[in-house]
Amino acid sequence: SRLLGFSLLCFAILLNGCGGREVSKAAVDSAEVTAAAAEKPRGEERASWDITIPRGEPRHIQFETDQSTFMSITASPDGQHLVFDLLGHLYQVSTDGGAAVSLTQASGLAINTQPQYSPDGSKIAFISDRLGNANLWVMNADGTNPRIIVNEEDNRVSEPAWSPDGRFIIAQRKKNSNRNISIGLWRYALEDGEPTLLVEGRTGSPSVSPDGATLYYHDHDARNMKQISVLDHYFVAALPLGGDEGDHQPTEVLRGVTGPTISPNGKLLAFGRRLPGQYTEYKGLKHGPRNSLWVRDLSTGEERMVLDPIERDITETDDELLQSSRALPAMGWSADSETLYVSQHGRIVRVRVADGAATLVPFTAVVDRQLSEMTRASVQLDLDGLIQSRYLRWARRSPVGTMNAVQAFGHIWLHDLVD
């Protein structure tokens, strides 16, 4: 999983680095990083291999950027700050925008994602692999005092969501294997990490109503997942909480949507929905499917689209990626339930729910990462002349139709097209 994570990290760094500019070490120092060193197990419990330390001849990558890829966002209850994930670190920025401060810089090579403010705004729950596996962590809102809540060695934990009283965190728990087989949503006690199973199945995006009575999440049925639209099989369910959880049965609320997020007043449910047959265009090329942001009035059942497009969901992506990622980036509600903060085109957008008016929340972030030396083995093929590939991937024709690009042997190759 770390190999995949760092591959995605390197790829994202290349994408973001193209538009960024290099900054000096002094600029990094001026970012006022407030993160404290993560607590590490002591004595016999300390792992012999510290994954936060770079190995071999590490590469130092440093640049400034104003955008991110597939970023989850959470808003502080006092309306002052946003926290988002960017290339494996968590950054805090004012809701008005500005320079973002890294809260997890002291975690070294660790990957930190999916931040969620606690109901009182004093803590942030997040996912980190700094002890070797994707697990549930909590830190103070300023990045200090990070501590692990549960240290799962055989399972991965992701997608944290707080209970309204701040005593529990509900998260997705998956088997630590090559297949995206979820074993359900679990409730972890903040005090001791004691887990309680709430619902089994391939579930995700938990969101608890402000009265603590209902858990909203997305699930999917058991039909063939390789049909035309995987999202058609996803649905949002509501599970009553309290009492004996085993006595409650979930109720289907919506179908063909993902990423349910309940508003602080408990009246609105935000979610992502695909627009059938719609695509987004970039440099003349169409990309799809196309997702939009919707809001449902839970008392009347009225639904309306408030932003189009938003980040596309990854329900049809590689199973390994979904092991530790959300199907749709997390969005953050304002405390008054009038505004949503969402990711659009790699940037943070403030959306007024009443009329869909959207404004940019501009930010700049200094990316400062160490990358371990990659393990590579060179193989010299004792062949004369050209080599015929038996496995060509991702063929794309040039816009003018005269050339073709394909992937083979770990490289991109170009060749002329002939009639």
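Which residue in E31 is the bridge partner of Arg397? The model on the screen is predicted, and this tour visits two of its sheets, beginning with the one that holds the answer.

**Stop 1: the sheet around E31**

Select strand E30, residues 393–397, and then strand E31, residues 403–408. These two strands run antiparallel and are joined by three bridges. Now show Arg397 together with Asn404: Asn404, in E31, is the bridge partner of Arg397, which answers the opening question.

Next, add strand E32, residues 411–416, to the selection. The three strands now displayed form an open sheet in the order E30-E31-E32, and their pairing is antiparallel. E30 and E32 are the edge strands, as each of them pairs on one side only. Turn the view to follow the twist of this sheet, which averages 20° from one strand to the next.

**Stop 2: the sheet from E19 to E24**

Clear the selection and choose strand E19, residues 257–262, with strand E20, residues 268–274. How many bridges join E19 to E20? There are four, and the two strands run antiparallel. Highlight Thr261 and look across to E20, where Ala270 stands opposite.

Then extend the selection to E23 and to strand E24, residues 303–310. The result is an open sheet of four strands, ordered E19-E20-E23-E24, with antiparallel pairing. Why is one side of E19 and of E24 left without a neighbour in the sheet? Both strands stand at the edges and each has a single partner strand, so one side of each remains without a neighbour there. In this sheet, the twist from one strand to the next averages 25°.

Technical notes: Residues are numbered from 1 along each chain as its sequence is written. This is a predicted model: local features need pLDDT of at least 70, side-chain atom pairs count only at pLDDT 80 or more; totals for chains, interfaces and linings use all residues. Side-chain values use heavy atoms; hydrogens and water are left out. Two strands pair if DSSP finds at least two bridges between them. Axes are lines fitted to C-alpha atoms, for helices over the stretch in contact, and angles run from 0 to 180 degrees between N-to-C directions.
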